[in-house]
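Visitor: I'm new here. Could you pick one part and walk me through it closely?

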Amino acid sequence: MSSITLGDTPLGYRDLVAVARDGARLEISAAAWARIANAQAIVQRIVASGERAYGISTGLGALSQVLLHGEQLAQLSRNTLLSHACGVGPLLSESQTRAILVAALANFCQGYSGLQPKVVEGLQALLNLHITPCVPSQGSVGYLTHMAHISVALLGVGDVRWQGRTLPASEALAANGLQPLVLGAKDGLCLVNGTPCMTGLAALALADIERLADWADVTGAMGFEALKGQIAAFDADILALKPHPGMQQVGQRLRNLLAGSEVIASSYGLRTQDALSLRSMPQIHGACRDQIAHAARQIETELNSATDNPLLLGTPEAYRVMSQANPHGESVAMACDLLRIAAAELGGVAERRLDRLVNPVLSGLPAFLVAEPGVNSGLMIAQYTAASLVGENRRLAQPVVVDNFVTSGGQEDHLSLGTTAALELHTSLENLTQILAIEYLLAAQALEFLKDQRFGEGTGRAWQLLRQHVPSFDADRFLAPDIAQAATLLRTPFA
């Protein structure tokens, strides 16, 4: 089994995905453990001195002026987890919860948090033993609730998923030789603080939207070929006159996918220009890719940041306790809002292309891509489904970060809502998967009527891949399984 090590080099979002989704082991470097221990020693020095320090020797939020002593400090940590574990709604998937865990551990490995090493060891054990806490998806204004639900599992509280079943956390810990933890000063605050929830979820979504952007080029090229598009629109010299990086990348991909196509060659000069949904793929898909690249920089920066409050700097002999706002997730929230716009655009233009495929006036192909229209409805209603999903994604493209609330008695009066932004992004990407799956089905079916000519190198491979799993459409049949099968293919990269 492969492994990813935290602590010595920056963590990339693909590294997080390797652990969260693909099951790679998570290791922590010796240097990171040393940093974790140093910050914990600062906490112990503060506790011993009786110094007032937010979240270490005081209450939280609006209760930051309440000074605590002795056993109250450990009780505060435990109470913080229990009181903050108040999420509602459907559970996160196991990969989503694991992604949050990885992001949390990356934060702690920066060495500015101050929690006990045994707490970090406990979170690492949950990951590597595949003990996944059951975490309600709703209830976060940016942080707090999701990490609280994850962390109560370390206390033996709540339910977890392990070895394909749901069981009490206490039973899963015991089955793996683990004891419930006793927390100390600042442990509870560290565990619910920061931006690991939105950042972990955003990192997973980045991997998905990058893969779907690649597939959008593939399904779009197939539809372009079936509609006998004019390849001049993708000419390298023309595209170079508008040198956006994503636009150049998409133009090159489309030329490669369509290389060697007899359909395209024989259609040269058929019309002066194609509809915008066809000829502007480099411009539209390329703009989306540029936003994905920008969002990736924002999310990876956050993934390698210290996002606790307060942060502990220096050594036990010379330290600073700094209250600040690094847990505010504005950068990630805006990145997720931007990615939802990109997802809406990729899906929206795909629906415009696939609508042309089923319309005989625009396509020159049999109505609704079936040989005997009339007695057969063909692929008519698949376009309706795509349109419905596009409409939903347009609504989801509305920015979340500009919404706001006041919490904690006025102490926290500007919130990023980054976790909501990330979760809505996951919904948008699932919708985009289904839209592109429908375009894949329709474009492949359209190419059935052009099989007397050779397809492009890439479009031909994509057509053959689908035909290994979904037969051509000769007469009306139960269509939902075909869409589901095409969507399954889109969940892996196109080689």
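**A small sheet and the cores**

Guide: Let's begin with one pair: Val160 has Leu167 of β7 as its bridge partner. Keep in mind that this is a predicted model, where local features need pLDDT of at least 70, side-chain atom pairs count only at pLDDT 80 or more, and totals for chains, interfaces and linings use all residues. Residues are numbered from 1 along each chain as its sequence is written, and side-chain values use heavy atoms, leaving out hydrogens and water.

Strand β6 (residues 159-162) runs antiparallel to β7, and four bridges join them. Strands here are DSSP runs of E with at least two residues, helices are runs of H or I with at least four, and both are numbered from the N terminus; two strands pair if DSSP finds at least two bridges between them. Step back, and you get an open, antiparallel sheet of three strands, ordered β4-β6-β7. Because β4 (132-133) and β7 (165-168) each have a single partner strand, they stand at the edges, with one side left without a neighbour in the sheet.

Now for the cores: sets of buried Ala, Val, Leu, Ile, Met, Phe, Trp, Tyr and Cys residues joined through side-chain atoms within 4.5 Å. Buried means under 20% relative accessible area, exposed over 50%, partly exposed in between (1.4 Å probe, protein chains only). The largest core has 139 residues, and Leu123 is among those with the most contacts inside it. Its largest share, 19 residues, comes from α9. Beyond neighbours within four places in sequence, Leu123 has contacts (heavy atoms within 4.5 Å) including Leu101, Phe108 and Ile150.
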